[in-house]
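Reader: I should be grateful for a close look at one part of this structure, namely the side of one chain that touches the other. Please set that part in the context of its own chain as well.

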Amino acid sequence: MRWLALLLALAGPAMGEETIVTGLSQSRVAITANYDGSEILIYGAVKRDAPPPSADPIEVIITVEGPSSPVTIRRKEWVAGLWINRSSVSVDAAPSFYAVATSGPIANILSQTEDLRFKITIPHTIRSVGSTKDAADAEDFVTALQRLHERDGRYRLDEGSVQLTDQTLFRTDVLLPANLTEGDYRVRLFLLRDGRVVDSQERVIGVRKAGVERFLYNLAHEQSLLYGVISLLMAVVAGWAASAGARFIRR
Amino acid sequence: MLQLYLPIAEVSVNALLILGLGGIVGFLSGMFGVGGGFLITPLLLFIGVPPGVAVATGANQVVASSISGVLAQLKRKAVDFPMGFVLLAGGMLGSWAGVKVFSYMTALGQVDLFVQLSYVLFLGLIGGLMFIESLRSLLRARSAGQAPIRRSHVHTWIHGLPFKMRFRASGLYISILPPLLVGALVGLLAGIMGVGGGFILVPAMIYVLGMPTKVVIGTSLFQIIFVTGFTTIVHAVNNHTVDMMLALLLIVGGVIGAQIGTVVGTKLKAEQLRILLAALVLSVAIKIAFDLLLQPDELYSLAAGVLP
């Protein structure tokens, strides 16, 4: 296989195939009671069958995307002297988490058309097809969504956080926040040269609740009445115990 | 340190902070006989708990601190059970109607404004009236040294109504219609505003029904147990928004706070107790009023899901 590729590389004028090989420090994250965020190491190498085909340096972009869900963005407006939520835009799907790590300034290493094609930067990941307002205004709402999520650490663009060694080896750490949503996190790795995507790969990190968290979540959804009664009983017992305890202390 | 991931709220919080929050609200609850729902919900929202979880879990916590408070009051025979049941009967009818109004306003899409305006209006009105009254009686007691006039012995048109009943603990012999109506009104507002209604019920019992302040606290708490217990179950079954882990922390803090609050409350004079509650209610009203009047830093806000 390798000699065939080599043959092709030699035969074609601009062949020099470059592919990406990757690894993750962990492919599963368990959310336990004391979960307080975690760091995932994403690393890899560029596999070449021939010397680099051009003088342009190779660049790497890594994205980590959490499960998407519909979101409503509301805006307060000044009506009759009061600031009240007036207009809103509903977005079909916005990722609950989105981190972009790059090996350089994203404007320099990624062309607009490639960004549009692979939906790499944050604005392209928010689908606002079914927004309820006119397009010009809806833009502001989507920008606000991005700004709010950037502020609470859910959306991140870390330019230059991918370390690239000898145009071959690369690595980065992606920090998953403490307020993580359960689901499959899609990791995408892009190899770029001259603003164009040369190769890409996709991996998945499964984020799941575990232990007590799993148990309580399942109980709340599958046995909701029992769950409610247990919650209530807990309150009754605690209320009684505190009263009894106080009486005991006073004696 | 001591971070804890909440399974339903899906956020990581500081366990000690939650214990402290529960303790403060429990303290106020034990002292004034208010459930504290109007305090715990905004506080939980502030630390990043989603609104639905904050309301439902807050209700669960209020059950515990109210029970703790009622048991403490029970030893002083400061709970008027017949009155509590009459208020509860009215309250159930009222909250049913309140939930209907709430869904109607949700359909209109202005439920936030409606809730905020009712908060400002009722908290402001009740807090203001109570503040003026208790300040006046406090000054009168201080200047003349004479006991304030006992309202319960003043006969008004209320005493002319039919279906009279004796409320021994409150020292009242009145028609059950006013308490039933008070209960229904409080239930209506509680259903709309998503709170237990203690802060409305307590002043209403003092000023409208003429009950002695010491009995009011225990009786109000007794009624709140049922209202919030009912709310907890409804939220758990329909919305799955009760977070047991969060509730446990709030409860442990809350029941301890409630016991301390009860002890502090009995050391204070009735007028002092009323003026403090008035100040608390007023400050919440003022805070919400400012939120409505001043331009917020961030005009945009996010809500999960698609609004109707």
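Author: Two strands are said to pair if DSSP finds at least two bridges between them. By that rule, strand β3 (residues 38-48) of chain A pairs with strand β10 (residues 169-176) of chain A, for 8 bridges join the two in an antiparallel arrangement. The model discussed here is a predicted one, and confidence is therefore mentioned below where it bears on the reading.

The contact between the two chains draws 47 residues from chain A and 49 residues from chain B. On the side of chain A, the elements that give two or more residues are the strands β5 (68-79) and β6 (82-95) and the helices α5 (135-151), α6 (212-222) and α7 (224-250). Helix α7(A) supplies the largest share, 15 residues. Sorted by class, this side of chain A comprises 27 nonpolar, 14 polar and 6 charged residues.

Helix α7(A) merits attention on its own account. It has 27 residues, which at 1.5 Å a residue should span 39 Å; the C-alpha atoms at its ends are 39 Å apart, so the two values agree. The buried residues of α7(A) are A:Tyr227, A:Gly228, A:Ser231, A:Leu232, A:Ala235, A:Ala238, A:Gly239, A:Ala242 and A:Ser243. Their cover includes α6 of chain A and, from chain B, α3 (51-74), α8 and α9 (244-267).

One residue of chain B shows this meeting of the chains in detail. B:Ala236 is found in helix α8 (residues 213-238) of chain B. With 28 other C-beta atoms within 10 Å, B:Ala236 is buried, since 20 or more such atoms suffice for that class. When neighbours within four places in sequence are left aside, B:Ala236 is in contact with A:Ser224, A:Tyr227, A:Gly228 and A:Ser231, and also with B:Val242. Among these partners, A:Tyr227, A:Gly228 and A:Ser231 are themselves buried residues of α7(A). Within its own chain, B:Ala236 has its C-alpha atom 28 Å from that of B:Ile217, a residue 19 positions away along the chain.

The two strands that contribute to the contact, β5(A) and β6(A), pair with each other in the antiparallel sense over 11 bridges. In this pairing, A:Trp78 stands opposite A:Trp83 in β6(A). The hairpin formed by β5(A) and β6(A) has 2 residues between the strands, and A:Ala80 takes a positive phi near 50 degrees there. A:Pro70 also lies in strand β5 of chain A. A:Pro70 counts as partly exposed, with 16 other C-beta atoms within 10 Å. The C-alpha atoms of A:Pro70 and A:Arg193, which are 123 residues apart along the chain, are separated by 35 Å.

The pairing of β3 and β10 belongs to another part of chain A, an open sheet of 4 strands in the order β1-β3-β10-β9, with antiparallel pairing. Strands β1 (18-24) and β9 (163-165) of chain A stand at the edges; each has a single partner strand, so one side of each is left without a neighbour in the sheet. Direction ignored, neighbouring strands of this sheet are turned by 20 degrees against each other on average. Between its two inner strands, A:Ala45 stands opposite A:Leu169 in β10(A).

Two loops of chain A hold an aspartate with a positive phi. A:Asp166, in the loop between β9 and β10 of chain A, has a phi of about 55 degrees although it is not a glycine. A:Asp166 is exposed, with 8 other C-beta atoms within 10 Å. A:Asp194 lies in the loop between β11 (183-193) and β12 (196-209) of chain A, and its phi is near 60 degrees. With 13 C-beta neighbours inside 10 Å, A:Asp194 counts as partly exposed.

As for the chain as a whole, chain A has 7 helices and 12 strands, and 29% of its 251 residues count as buried. Of the contacts in chain A with a separation of 6 or more, 71% join residues 24 or more positions apart. The mean pLDDT of chain A is 82, and 89% of its residues reach 70 or more. Among its elements, helix α1 (residues 2-11) has the lowest mean pLDDT, 49, and strand β7 (residues 98-102) the highest, 92. Over residues 6-14 of chain A, pLDDT stays under 50, and the model has 9 contacts beyond four places in sequence for that stretch.

Note on methods. Residues numbered from 1 in each chain as written. Chains lettered and ligands numbered in written order. Predicted model: local features only at pLDDT ≥ 70, side-chain atom pairs only at ≥ 80, totals over all residues. Axes fitted to C-alpha atoms, helices over the stretch in contact; angles between N-to-C directions. Contact = placed C-beta atoms within 7 Å. Nonpolar A, V, L, I, M, F, W, Y, C, P; charged D, E, K, R; others polar. Buried ≥ 20, exposed ≤ 12 C-beta atoms within 10 Å, placed from the backbone. pLDDT = per-residue confidence, 0-100. Expected span 1.5 Å × (residues − 1).
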